[in-house]
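This report goes through the fold, the packing and the surface of one protein chain. The sequence and the model come first.

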Amino acid sequence: MDNGVSAGSTASTSTLGHIALGLTLLAFGIGHTGIISGVSAADSVSLAMYVGGLALFVLGLLEFRGGNGFNGTAFAGLGAFWFTWAGGADAKVSAHAAGLFLVLFALLAVTLTAGAAGGLFGQGVYGLLTLSLVLLAVGTFAGSGGLGKVAGWVAAVAGLLAWYGATAALAHWPMAVGRGSRRGAVAA
């Protein structure tokens with residue numbers, strides 16, 4: 001990603017998409033952890049609907065238009081997930097229906113993990129999203145609030161990784177972990 005690109009290019013939509021994904025995952029995850037008194041996952045519904053849902057979906061369409069099939073699939077698919085999750089957050093559905101919804105989108109996250117560029121900021125974000133959705137689905141099927149909290153922590157870490165990766169690309173911060181290159185950031 002490059003901060004010197006023209007508006008509407010796939011590099012700028014990719015950066016914005018990763019920031020939107022990161023912030024949505026962070027809010028969703030923190031809500032599930034219960035770490036902040038009085039803040040629940042339901043409090044992230046507006047952010048999930050408009051930033052995670054609508055914005056990601058539109059950015060996905062722009063990515064497809066710009067020729068980036070992977071980010072188009074990721075952003076449009078995850079936009080559909082967040083919009084649907086937010087739209088049905090107060091709906092009365094069975095635990096099994098909610099768990100099935102999470103499993104189905106965990107399958108999308110597995111696909112994104114397999115197709116992402118390697119490394120912490122590529123496969124790492126989508127891998128953690130997959131783990132979070134699976135843990136949340138199992139917790140929903142089993143009625144386990146503890147698994148929901150663990151899933152929240154995993155989602156929050158995924159959100160931080162997505163946010164940092166996009167921010168690092170804009171600010172030319174290092175993205176190599178360990179003794180690797182310390183030159184400007186290059187995001188996948």
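## Overall fold

The protein chain has six helices and zero strands, and its pattern along the sequence reads α-α-α-α-α-α. The model is predicted. Of the 188 residues in the protein chain, 43% are buried. Among contacts with a separation of 6 or more, 63% join residues 24 or more positions apart. The accessible surface of the protein chain is about 8900 Å², and carbon and sulfur atoms hold 68% of that area.

## Helix lengths

For two of the helices, H4 and H5, the span can be checked against a rise of 1.5 Å a residue. H5 has 23 residues and should therefore span 33 Å; the C-alpha atoms at its ends are 31 Å apart, in agreement with that value. H4 has 21 residues and should therefore span 30 Å, and its end C-alpha atoms are 30 Å apart, which also agrees. Just after H5, glycine 143 has a positive phi of about 70°.

## The nonpolar core

The largest nonpolar core contains 40 residues, and those touching the most other members are Leu21, Leu78, Trp82, Trp85, Tyr126 and Leu133. At least two residues of this core come from each of H1, H2, helix H3 (69–87), helix H4 (95–115), helix H5 (120–142) and helix H6 (145–171). H5 supplies the largest share, eight residues. In soluble globular proteins, nonpolar side chains tend to be buried together.

Tryptophan 82 belongs to helix H3. Its relative accessible area is 1%, under the 20% limit, so tryptophan 82 is buried. Beyond its neighbours within four places in sequence, tryptophan 82 is in contact with Leu21, Thr24, Leu25, Phe28, Ala48, Gly52, Gly53 and Leu56. One of these partners, glycine 52, is 30 residues away from tryptophan 82 in sequence, yet the two C-alpha atoms are 5.5 Å apart in space.

Tryptophan 85 touches Phe28, Ala41, Ser44, Val45, Ala48 and Phe101, again leaving out residues up to four places away in sequence. Phe28 and Ala48 are among the contacts of tryptophan 82 and also among those of tryptophan 85.

Threonine 24 sits in helix H1 (residues 10–33). With 1% relative accessibility, threonine 24 falls under the 20% limit and therefore counts as buried. Its contacts, with residues up to four places away in sequence left out, are Leu47, Ala48, Val51, Gly52 and Trp82.

Which residues of H4 are buried? They are Gly99, Leu102, Phe105, Ala106, Leu108, Ala109, Leu112 and Thr113. These buried residues of H4 pack against H3 and H5.

## Surface and partly exposed residues

A nonpolar patch on the surface is formed by Tyr50, Leu54, Val58, Leu62 and Phe83, which together have about 460 Å² of accessible area. Helix H2 (residues 45–65) gives the most to this patch, with four residues. Leucine 62, a member of the patch, lies in H2.

The table lists partly exposed residues with their locations and relative accessible areas.

| Residue | Location | Relative accessible area |
|---|---|---|
| Leucine 62 | helix H2 | 33% |
| Alanine 97 | helix H4 | 37% |
| Valine 157 | helix H6 | 41% |
| Histidine 172 | segment after H6 | 40% |

Why does leucine 62 count as partly exposed? Its relative accessible area is 33%, and partly exposed covers the range between the buried limit of 20% and the exposed limit of 50%, so leucine 62 belongs there.

Two of the listed residues also appear in long-range C-alpha pairs. Alanine 97 and alanine 137 are 40 residues apart along the chain, with 9.9 Å between their C-alpha atoms. Valine 157 and glycine 124 are 33 residues apart along the chain, and their C-alpha atoms are separated by 9.9 Å.

## Backbone after H6

Histidine 172 lies in the segment after H6 and has a phi near 60°, a positive value in a residue other than glycine. Most residues other than glycine have a negative phi.

Terms used
Residues are numbered from 1 along each chain as its sequence is written. This is a predicted model: local features need pLDDT of at least 70, side-chain atom pairs count only at pLDDT 80 or more; totals for chains, interfaces and linings use all residues. Side-chain values use heavy atoms; hydrogens and water are left out. Buried means under 20% relative accessible area, exposed over 50%, partly exposed in between (1.4 Å probe, protein chains only). Contact means heavy atoms within 4.5 Å. Patches are made of residues with over 30% relative accessible area and no salt bridge: like charges are joined within 9 Å, nonpolar side chains (Val, Leu, Ile, Met, Phe, Trp, Tyr) within 5 Å. Accessible areas come from the Shrake-Rupley method with a 1.4 Å probe; for residues, only the protein chains shown count as cover. A salt bridge is a side-chain nitrogen of Lys or Arg within 4 Å of a carboxyl oxygen of Asp or Glu. A nonpolar core is a set of buried Ala, Val, Leu, Ile, Met, Phe, Trp, Tyr and Cys residues joined through side-chain atoms within 4.5 Å. The expected span of a helix is 1.5 Å times one less than its number of residues.
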